[in-house]
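Q: I have a model open and want to go through its helix packing, core and odd backbone spots. Can we take them one at a time?

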Amino acid sequence: MARSRSAQWYAGSDRNAYIHRAWMRRGLPSGAFDGRPHIAIANTASDLTPCNMHLDEVAEHVKRGVWEAGGVPLNLPVVSLGETNVRPTAMLWRNLAAMAIEEMLRANPIDGVVLLGGCDKTVPALLMAAASVDLPAVVVPGGPMITGTFRGAALGCGTDVWKLSEEVRAGTLSAAEFLRSESSMIRSKGHCNTMGTASTMGLLAEVLGMTLPGLAGTPAPDSRLLEGAHETGRLIIEMISSERRPSTVMTRGSFLNAIIALAALGGSTNAVLHLLAIAGRLGVELTQDDFDRTGSGVPLLVDLQPAGRHLMDDLYRAGGLHAVLNEIGDLLDPTAITVTGRPLADHLADAKIHDREVIRPRDEPLQDDAGIAILYGNLAPDGAVIKPAAASPHLLRHRGPAVVFDSVEDLHARLDDPDLEVTADSVLILRGCGPKGYPGMPEVSNLPLPPKLLAQGVRDMVRICDGRMSGTAYGTVVLHVAPEAAAGGPLGLVRTGDLVILDVENRRLDVDLPAEELAARRPSPEMTEAFARPSRGWQRLYVETVQQADTGADLDFLIGSSGDHVPRESH
């Protein structure tokens with residue numbers, strides 16, 4: 001049997017082995033260096049990532065499981081991205097976090113890793129890193145918070161922020177009352193309790209096969225999360241002995257299963273970017289068109305905000321992810337395995353729906369077709385994304401005049417102007433918000449509506465942007481437009497008053513202009529002046545090397561894997 005990876009550091013009597021062991025002998029038992037597996041716990045706990053603040057406690061329970069199974073657990077704090085706090089956007093640093101985590105996993109004397117994440121970008125970054133190193137790895141999702149209430153009604157964090165803030169702007173809710181809801185919304189530890197990006201990626205990590213089956217979606221305060229963390233610590237030791245790596249678990253079939261689950265769950269559009277990026281690290285063939293082809297016709301079964309009514313602890317109570325997957329089991333690839341080494345399908349047989357208001361049976365879906373739609377046309381030559389499950393049905397085929405904003409600053413300066421020429425039929429366009437232009441592709445695509453229309457009772461309009469939107473958001477929002485305006489995309493050529501045509505059924509997004517006229521136009525100076533022009537550091541590297549949304553917005557030199565081998569010693 002080949003020598004373990006950690007033994008390449010610790011085994012032997014030479015000077016280097018001495019140094020590696022001696023500096024680690026700070027309370028470890030004498031047998032810690034006898035060849036037993038060393039396990040990193042890649043921990044994104046941070047007081048500035050509020051959704052992940054509890055992961056230190058989770059890590060302690062992982063450690064207990066590792067020790068019990070004969071391994072040596074080692075806490076490894078890694079880059080943590082708090083979606084609600086960091087500016088200009090957490091997406092700017094997803095690739096940085098993935099790169100930093102990858103390098104630390106490769107550089108250290110470890111045989112496997114347990115990945116602790118919760119907040120939106122942390123689970124994708126961890127999976128991207130693990131895929132690029134390909135050591136045995138397993139995820140413990142931090143879990144959603146439990147539901148808060150305000151005025152007797154449940155609050156969906158994120159989704160109800162958007163709803164309540166629009167009511168303030170419409171004049172139907174006082175600012176004081178709005179602020180009173182603030183302390184009610186975040187009731188416990190854990191990430192957003194809606195089917196936002198954090199919930200989506202935690203659940204899809206399990207569908208990809210990368211968590212202990214049944215663990216994803218467990219609420220953060222639930223003691224069963226700690227029980228699952230302990231069991232995950234035991235599992236990683238068995239994974240090492242079986243050489244079960246991310247590349248053997250996350251196959252094309254696993255990603256297609258994730259796309260099917262994304263539709264049935266009503267999950268976040270951000271999953272498109274993250275799954276494409278993870279697949280790119282593994283060399284798995286996956287394109288944005290797979291989301292449309294594979295997700296098309298999959299019914300929406302989960303009645304959760306923002307596409308429905310309920311929240312994540314309701315989903316867990318109602319039977320959880322496995323109950324959902326069991327309803328669509330015939331659509332799943334039966335060969336895709338999990339970190340247990342067994343097919344995902346093997347873990348679903350006993351799953352039952354306990355509340356049919358939260359999880360609908362297959363023959364009574366909320367919607368018959370809930371897959372992500374990929375649009376093409378002269379406004380999106382390389383594609384754009386829309387989530388029909390969160391859109392207004394009457395707007396899925398629409399023709400209206402554009403109202404164009406050249407930057408986020410332009411939007412903020414003019415949107416509330418009572419003299420803004422806009423009607424309910426207008427199409428709001430915000431550009432300069434893609435990976436290069438902002439930089440980092442922020443969650444601004446779900447533009448607020450003009451107050452003059454809110455006062456008229458309008459609550460949704462067609463909105464188009466080269467940025468992203470929060471997975472907790474809703475509305476008829478076309479996003480991820482590629483190429484972005486800052487990369488020369490035609491979104492940068494649209495002018496206010498141009499007629500824009502959205503036809504989701506036929507997967508089209510166009511501006512009603514002759515090709516010659518569009519080609520003859522030049523970008524507005526106001527727009528180009530607002531593009532990001534970083535002169536140094538990560539932002540400069542990012543803008544110079546980031547790819548477009550249609551391939552996952554990873555950096556061009558990070559695509560693929562480098563494995564776990566380190567050829568040179570440090571002394």
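Q: In which hand does α9 cross α13?
A: The crossing of α9 past α13 is right-handed. Keep in mind that this is a predicted model.

Q: Which residues make that contact?
A: From α9 they are T197, T200, M201 and L204. From α13 they are N270, A271, H274, L275 and I278.

Q: How many of those are nonpolar, polar or charged?
A: Five are nonpolar and four are polar, with no charged residues in the contact of α9 with α13.

Q: And the angle and distance between the axes of α9 and α13?
A: The angle is about 40 degrees and the axes are 10 Å apart. Helix α9 covers residues 197-207, and α13 covers residues 270-282.

Q: What about α9 and α16, what angle and distance there?
A: Those two pack at about 60 degrees, with axes 11 Å apart; α16 is residues 320-327. The pair therefore counts as oblique. The crossing of α9 and α16 is right-handed.

Q: Which residues meet there?
A: L203, E206 and V207 of α9 meet L321, H322 and L325 of α16. By class, that contact has four nonpolar residues, one polar and one charged.

Q: Switching to the core. How many residues has the largest nonpolar one, and which have the most contacts inside it?
A: The largest nonpolar core has 113 residues, and L127, L204 and F255 have the most contacts inside it. L204 is also one of the α9 residues in the contact with α13.

Q: What does F255 touch?
A: Leaving aside residues up to four places away in sequence, F255 touches L208, M250, L275, I278, A279, L282, V284 and L286. Of these, L275 and I278 also belong to the α13 side of the contact with α9.

Q: Which residues are in the second core?
A: The second core is separate and has 27 residues, including L375, A391, V478 and V511.

Q: Now α14. Which residues are buried?
A: Helix α14 runs over residues 288-295, and Q288, D290, F291, D292 and G295 are buried in it.

Q: What do they pack against?
A: The buried residues of α14 pack against α12 (252-265), α13, β7 (373-377) and β8 (380-386). Just after α14, G297 has a positive phi of about 90 degrees.

Q: On to the backbone. Where are the cis peptide bonds from R87 and from Q305, and what is omega?
A: The bond from R87 to P88 is cis, with omega near 5 degrees. P88 is in the loop between β2 (72-77) and α4 (94-107). The bond from Q305 to P306 is also cis, with omega near 10 degrees. P306 lies in the loop between α14 and α15 (312-317).

Q: What is phi at D134 and at R507?
A: D134 has a positive phi near 65 degrees and is not a glycine. R507, also not a glycine, has a positive phi of about 60 degrees.

Q: Why pick those out?
A: Because most residues other than glycine have a negative phi.

Q: Where does D134 sit, and is it buried or exposed?
A: D134 lies in the loop between α5 (122-133) and β4 (137-141). Its relative accessibility is 15%, so D134 counts as buried, the cut-off being under 20%.

Q: And where is R507?
A: R507 is in the loop between β13 (499-503) and β14 (508-511). With a relative accessible area of 22%, R507 is partly exposed.

Note on methods
Residues are numbered from 1 along each chain as its sequence is written. This is a predicted model: local features need pLDDT of at least 70, side-chain atom pairs count only at pLDDT 80 or more; totals for chains, interfaces and linings use all residues. Side-chain values use heavy atoms; hydrogens and water are left out. Axes are lines fitted to C-alpha atoms, for helices over the stretch in contact, and angles run from 0 to 180 degrees between N-to-C directions. Helices (H or I, at least four residues) and strands (E, at least two) are DSSP runs, numbered from the N terminus. A crossing is left-handed if the near helix is turned anticlockwise from the far one by less than a right angle, and right-handed if clockwise. Contact means heavy atoms within 4.5 Å. Ala, Val, Leu, Ile, Met, Phe, Trp, Tyr, Cys and Pro count as nonpolar, Asp, Glu, Lys and Arg as charged, and the others, Gly among them, as polar. A nonpolar core is a set of buried Ala, Val, Leu, Ile, Met, Phe, Trp, Tyr and Cys residues joined through side-chain atoms within 4.5 Å. Buried means under 20% relative accessible area, exposed over 50%, partly exposed in between (1.4 Å probe, protein chains only). Angles under 35 degrees count as roughly parallel, over 145 as roughly antiparallel, 65 to 115 as roughly perpendicular and the rest as oblique.
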